[in-house]
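Colleague: I would be grateful for a close look at a single part of this model, namely its nonpolar interior and the elements around it.

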Amino acid sequence: MSTQLEALPYRHVLTLPTEPSAVRIARETAEQALVEWRIGLRHPTVDPALLILGELVTNSVRHAASLSPQVTVIYAASPDCLAIAVHDRHPYQPPLYGAVTGAAGGGLATVMELVLALGGTAVVRADADGRGKSIWITLPL
């Protein structure tokens, strides 16, 4: 699995208002991108990846909208790797790996269970100014 995200040949960026409709639009856009990139929607990683994407965008809508009027989704792929990032301008950086065993994990616990079951990785990256973050998920294809 490629770990150099900049080297992934396929990339799409989508910025949406941080409101409930963003979840549906982000998933639909992901499906369109995957088809364009010739990654079949029946690939065993696709459904979990779409669930992960939906959970991450939902978290931004629920928890970041007051400070972040927009959420940005980055989709990237290669023949052996799929990466998804969700960015908002809320400074809180959730502990991803603690979400698996923590009682307060909620949607992040589901995200991390799927990521780990698929052999993927997850990382939170703070913005340079500390006022926002991106959650990057990388999954093998």
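Which residues have the most contacts inside the largest nonpolar core, and how many residues does that core have?

Modeller: The model is a predicted one. Its largest nonpolar core has 35 residues, and those with the most contacts inside it are Leu 53, Leu 56, Val 57, Val 73, Tyr 75 and Ile 137. At least two residues of this core come from each of β1, α1 (21–36), α2, β2, β3, α3 (107–117), β4 and β5. The most is given by α2, with eight residues. Leu 56 illustrates the packing: leaving aside residues up to four places away in sequence, Leu 56 touches Val 86, Leu 108, Val 111, Ile 135 and Ile 137. A second core, separate from the one just described, has seven residues, including Ala 76, Cys 81, Ala 83 and Ala 85.

The placement of the helix relative to the strands completes the picture. Helix α2 (residues 46–63) lies across β2, β3 and β5 (133–140), and runs at about 10° to β3. These strands belong to an open sheet of five, ordered β1-β2-β3-β5-β4 with antiparallel pairing. The edges are occupied by β1 (10–17) and β4 (121–126); each has a single partner strand, so one side of each is left without a neighbour in the sheet. On average, neighbouring strands of this sheet are turned by 15° against each other, direction ignored. Within the sheet, β2 (residues 70–78) and β3 (residues 81–88) pair in the antiparallel sense over seven bridges. Ala 85, listed above in the second core, is the bridge partner of Ile 74 in β3.

Methods
Residues are numbered from 1 along each chain as its sequence is written. This is a predicted model: local features need pLDDT of at least 70, side-chain atom pairs count only at pLDDT 80 or more; totals for chains, interfaces and linings use all residues. Side-chain values use heavy atoms; hydrogens and water are left out. Two strands pair if DSSP finds at least two bridges between them. Helices (H or I, at least four residues) and strands (E, at least two) are DSSP runs, numbered from the N terminus. Axes are lines fitted to C-alpha atoms, for helices over the stretch in contact, and angles run from 0 to 180 degrees between N-to-C directions. Contact means heavy atoms within 4.5 Å. A nonpolar core is a set of buried Ala, Val, Leu, Ile, Met, Phe, Trp, Tyr and Cys residues joined through side-chain atoms within 4.5 Å. Buried means under 20% relative accessible area, exposed over 50%, partly exposed in between (1.4 Å probe, protein chains only).
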